[in-house]
Every structure is written in C-alpha cells, then in structure tokens.
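Hi,

Here is the structure I promised to pass on. Could you have a look when you get a moment? My notes follow below.

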Amino acid sequence: MSEQQTALWPRPRLLHAEDVGVSNGNGNAANGNGRARRLPTINGRVVDPNEISAEVEEMGAEEAIAWAIESFGPSLGFAVSFQKTSSVIIDIAHRIDPSVRFFYLDTELLFPETYETRDALAARYGIEFERFVQDNPSRLRERWEAGEWGEDDDCCATRKVETMRRAIEGTDCWVSGVRRLDSETRAQAARFGWDIRFDRWKLNPLVDWDDRAVWNHIKDHHIPYNPLHDQGYPSIGCMPCTTKPGPGGDARAGRWAGTDRTECGLNG
Ligand code: SF4
C-alpha cells in the first residue's frame, strides 16, 4: 500500500446527515422505490462523495482497486460481465487479494462464449464466481419464447436490475467495467462515486482506459478473454439484444440496436 493510499482514507471531511441531503441525491429521504436512502459512509463514517471522488479520480486503476479493497474489505463486490474489461479487473483485483468477491448476473440469455470465458477465468485464477439469476417468472419465459424482448424494460428490470439488488445486498461498494469511451451517456462517469441508483458506492477502475490499454493488459498477462471480441463484438450482453455494430458507431452501438435504449439500468 502506497503512502498516497494510506494517507487518502482519513482525509474526507466528516459530514452530518443534513450535509448530504436531497440536493445531491445522497440524503436520508425515501427514494423512488420507497426505500430509505443510505448515507454515503465508509467504515461507518459519513464522507463527502465529491471529495472522495476527486481523490480516487487521481489514482490509476490498480491503486483505486487496492484502495477499495482496503477501505471496504468484504463489503466490496466486483460485478463481472465476462467482457474484456472484466478480464482486466479480475486479473488486477485477484493479484491484489485473491479472496475478493466476484459475482455475475446470469440472465440465462448470455452467449455460449460468455460462459466459456467465465469457465476459463475461473480455471486460470481459481475463482468461484457467484451466480445470481432472476426468478424466471413464466411471463418472461413466454416473452422470450415469443421473441418479444428488449423493447419492454421489464426484461432488463427483472433479469438484471432486480437480480442486481439481490447480488449487492450486504455490500457497501460495487465495481463495474464502465469506461468513458463506451458511449456518450458514460462520457462523464467518475472513477468512484455514490451510486444513487443502488444507494452505495461504485468504483469504475478502468473509467479512463482506452481499448489499447485494455488489450495490452490482456495480452501482457495472457488473460483469458471473451472470443466474441475477436468476432467483431466490442460490447457483449444478452444474445437477443447484442449485434455487431456497423461502422462509425460507438462501442455499445450493437446493444439494443434499432431502439432508443443504451443502458439496461445497472449503469444508467
Ligand atoms: S439485455 Fe435484452 S435479453 Fe438481456 S435482460 Fe435486457 S432486454 Fe432482456
């Protein structure tokens, strides 16, 4: 742990509850789901999200992951999608602390190559990825079999967002592979901040990485990665909602192509 890391943690100003009120969305008011909002705390202390976000922004990916592991301990959860960014994050985090928790949301509509990547990473690192799957109500199964998906938020909301809420129960911070170059809607993403959607901290360690940096890390460390990337898929989600983007689109142009959707509800 570097001097910068050990010095970082005590620095955020201690706040009172009213300091993190409705104005920045971090207050203790009920949110849209009727749940009481949590206060932005680390190790039981309320901190200023803007201050800590600015400090973590200055860190590189490895330092930010190491800091989060030290700061949150077992209440840190790494969400992995088995895309190329997951390969990098798994490699970095596992080298820092092999006991960290990795989980994934199994929509039951993932590509076979994605499951193969999961198995290859599990074998390489000895990781047991925690699997979370929706309850699979018959209504969704009927829609899937009828070829009706993607246009109605119920599918993502059920298969992903509600499943995510179960996956992060008991965590204070979750980790994602969001990068600013993914899409316009992610261009302002912070490396670390308070996630109003899930009422907890969120770390995007690779937020400023470009594709070259991602692939260099994968190749340099001989890390298994999703072979669909080699087949022209820059972004990989569920089979029904993932296509190869045409020329000129951003990396996520192949997700929900032909619709107005750009996010599933986990990251925006
Ligand atoms: S990405 Fe498509 S198939 Fe997957 S959960 Fe969302 S709408 Fe359903």
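A residue counts as near a molecule or strand if its C-beta atom, placed from the backbone, lies within 6 Å of it. The ligand is surrounded by 13 residues, and the closest are Cys155, Cys156, Arg159, Cys238 and Cys241.

Please bear in mind that this is a predicted model: local features need pLDDT of at least 70, side-chain atom pairs count only at pLDDT 80 or more, and totals for chains, interfaces and linings use all residues. Residues are numbered from 1 along each chain as its sequence is written. For the protein chain, the mean pLDDT (the predictor's confidence in each residue, from 0 to 100) is 84, with 82% of residues at 70 or more.

Now to the interior. The largest nonpolar core (buried Ala, Val, Leu, Ile, Met, Phe, Trp, Tyr and Cys residues joined through C-beta atoms within 7 Å) has 46 residues. Buried means that 20 or more other C-beta atoms lie within 10 Å of the residue's own, all placed from the backbone. Among the residues with the most contacts inside this core are Ala64, Ile65 and Ala68. Helix α3, residues 61-72, gives the most to the core, with eight residues; helices here are DSSP runs (H or I, at least four residues), numbered from the N terminus.

Nine of the 12 residues of α3 are buried, so this helix is largely enclosed by the rest of the structure. Trp67 and Phe72 are among those buried residues. Just after α3, Gly73 has a positive phi of about 55 degrees.

Best wishes

Conventions
Helix = DSSP H or I, 4+ residues; strand = E, 2+ residues; numbered from the N terminus.
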